[in-house]
Amino acid sequence: MRLPRSPRTAATTALLTVSALVALTACGTSEADSAQDGPGGRATVTVRIPDPGNSGVLARGKKDGSLDKALAKVGAEVKWTGSAGPFAPAAQAMNADQLDIATGSITSGITSLAQRPGFKFFTAVDPDAAGEGILVRDGSGIRSVADLVGKKVAVNQGGTGEYLLLKALAKAGIPADRVTRVYLRPDQTAAVFNAGKVDAWAVWATYAVAEIGSGKAHFVADGAAIGSDNYSLNAVRTDFAEQHPEVVEALYRYLHDASAEEKRNPAAYLNVFTDVGPTAVTGRAKEVQTEFTAQGGTVDPIGPEDITRFKAVAAFYAEQKVTRTEVDVAAHLLDVETLT
C-alpha cells in the first residue's frame, strides 16, 4: 500500500547532505562481508552512504543509532563513505561501484542519466517551494526576473541552478540568451556572489539558508513563483538494489518515518553533532532552515504523478539544449513498495 503523501520539500531532505564536495574513496565491493552475524546466520550486507555531516535525518540516525537498528533487522550495516555533496560525482561513484546510495535533484539526475547510469531512483520528495530560487543581494535593484536581463547569474551546470534560472526565464517569456549563465560549483559560489562578481545566484536551500540568514540576500523568485518541478530523489546502485532489495526497502522506510518526524520537529535535526564551527547552523540562518523544513514533508515512493512531472523536466532540458535528447527517466525508477 502506498503511504500517504504530504507536502514535501527538497530542503527537508537534503537527506544525505551537508554542503561539502563529494570526497569519495574506493571501498572495494558492497557484497556481504565475511561476518556471519545477520538474521538467520546470513552475512551482514554493507551499504555505502555518503557521510551526512551535522544535519538531517541520517546525521540524527548516525548519532542515536536508530539507522543501525533499522538496517540490522534486514542484516545490513552502514559504511559512511566520503561526504555528501553534488549528485554528479556521486553518480559517477555509484557507476564505479564505490557508493551504493546517494541523493540529488531530478535535474542533476537527468544530466547524469544522459550518460551511462549504473543507478536507479527509489524515492521522491516534492519540489521545494520555499527553499530554492533566484537569490539576489539586498539593494541590488533586481526586483523581478525581468530585471535579470543583461545580468550575470551563477548556476551549477546541468543541475538545480541552471534549471531554476531557465525555468524562471521561460515563465517570464525571456529568451535564455538575454541572461549570462556563469557556471560555478555551488560550494565556490558564495564568495563570488557576495563580492558582486555575479548579479544573482540560482540556488537551493543547502546554500541559500546561510545567505538569507545573513540578512543581506533574498529570493527574487522562489520555487513556487518559478513553478519548479525540481524533486529531490534518492538513488541506489542498480546491482545493489537487485542483490539486496530488502535493504533498499528498509532504508526507504527509515527515511520516510524520520523525515516525517523532522518536519514535526526540525530543530532537533540541526547541529546534530556540534552547534559551533563551519558545519553548524546558527542565528537567523537556523530560523530560516527550520522555517523551510517545517513547510516540507516526507520521503515517499515514486508515484505516477511524480513520473509525469519528471518527464516534463526531461522534455524541458531537451528543449533548452541542456541535454541532447529527452532522457527517459521512467526507465531508471524503482517501485520501492514492490521490491520484496
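Which residues in helix 3 are buried? I started my notebook with that, keeping in mind that this is a predicted model.

**Entry 1: helix 3**

I found F87, A90, A91, A93 and M94 buried in helix 3. They span an arc of only 160° around the axis, which means they sit on the same side of helix 3. Next I looked up what these buried residues pack against, and I noted strand 3, helix 4 (106-113), strand 4 (119-125) and strand 10. Just after helix 3 comes D97, and its phi is positive, near 60°. I will meet D97 again below.

**Entry 2: the whole chain**

I stepped back for an overview. I noted 12 helices and 10 strands in the chain. Of its 340 residues, 54% are buried. The exposed surface comes to about 13900 Å², and carbon and sulfur atoms supply 51% of that area. I also checked contacts between residues at least 6 apart in sequence: 82% of them join residues at least 24 apart.

**Entry 3: the nonpolar cores**

Which residues touch the most other members of the largest nonpolar core? I wrote down F121, I134, L148, F310 and V329, out of 45 residues in that core. Helix 5 (residues 160-171) gives the largest share of this core, with 6 residues. There is also a second, separate core of 29 residues, and its members include L58, F240, V247 and L255. My textbook-style reminder to myself: nonpolar side chains tend to be buried together in soluble globular proteins.

I then picked F121 for a closer look. Setting aside neighbours within four places in sequence, I listed its contacts, among them F87, G109, L113, L233 and I302. F87 was a familiar name, since I had already noted F87 as one of the buried residues of helix 3.

**Entry 4: helix 7**

Is helix 7 mostly covered or mostly open? I found it mostly covered, as 7 of the 9 residues in helix 7 (residues 205-213) are buried. The buried ones are A205, Y207, A208, V209, E211, I212 and G213. They pack against strand 5 (133-137), helix 6 (186-194), strand 8 (200-203), strand 9 (217-222) and helix 11 (283-294). After helix 7 I came to G215, which has a positive phi, near 80°.

**Entry 5: salt bridges**

How many salt bridges does the structure hold? I recorded 14. The reminder here is that side chains of opposite charge can pair when their charged atoms come close.

I looked at D51 and K62 to begin with. Their side chains meet in a salt bridge, at 2.5 Å from N to O. D51 belongs to strand 1 (residues 45-51) and K62 to helix 1 (residues 57-64), so this pair ties together parts 11 residues apart in sequence. D51 has 18% relative accessibility; because the cut-off for buried is under 20%, D51 counts as buried. K62 is partly exposed, at a relative accessible area of 31%.

Then I turned to R237 and D100, whose side chains meet in a salt bridge at 2.9 Å, N to O. This pair links distant parts of the chain, 137 residues apart: R237 is in strand 10 (residues 232-237), and D100 is in the loop between helix 3 (87-95) and strand 3 (101-105). R237 is buried, with a relative accessible area of 6%, and D100 is buried too, with 0%. I also noticed that R48, D97, D100 and R237 are linked in a network of salt bridges. So here is D97 again, the residue that follows helix 3.

My last pair was R284 with E291, where the closest N and O atoms are 3.2 Å apart. R284 is partly exposed, with a relative accessible area of 37%, and E291 is partly exposed as well, with 36%.

**Entry 6: aromatic rings**

I noted 9 aromatic pairs in the structure. How are the rings of Y163 and F316 arranged? Their centres are 5.9 Å apart and their planes stand at 85°, so the pair is edge-to-face. Y163 lies in helix 5 and F316 in helix 12 (residues 304-319), so the pair ties together parts that are 153 residues apart in sequence. Both are buried: Y163 has a relative accessible area of 1%, and F316 has 9% relative accessibility.

Finally, I found that ring pairs link F193, W201, W204 and Y207 into a cluster. Y207 was already in my notes as one of the buried residues of helix 7.

How values were computed: Residues are numbered from 1 along each chain as its sequence is written. This is a predicted model: local features need pLDDT of at least 70, side-chain atom pairs count only at pLDDT 80 or more; totals for chains, interfaces and linings use all residues. Side-chain values use heavy atoms; hydrogens and water are left out. A nonpolar core is a set of buried Ala, Val, Leu, Ile, Met, Phe, Trp, Tyr and Cys residues joined through side-chain atoms within 4.5 Å. Buried means under 20% relative accessible area, exposed over 50%, partly exposed in between (1.4 Å probe, protein chains only). Helices (H or I, at least four residues) and strands (E, at least two) are DSSP runs, numbered from the N terminus. Contact means heavy atoms within 4.5 Å. A salt bridge is a side-chain nitrogen of Lys or Arg within 4 Å of a carboxyl oxygen of Asp or Glu. Accessible areas come from the Shrake-Rupley method with a 1.4 Å probe; for residues, only the protein chains shown count as cover. The arc is that of the directions from the helix axis to the C-beta atoms. Rings of Phe, Tyr and Trp (its six-membered ring) pair if their centres lie within 6.5 Å; planes under 30 degrees apart count as stacked, over 60 as edge-to-face and the rest as tilted.
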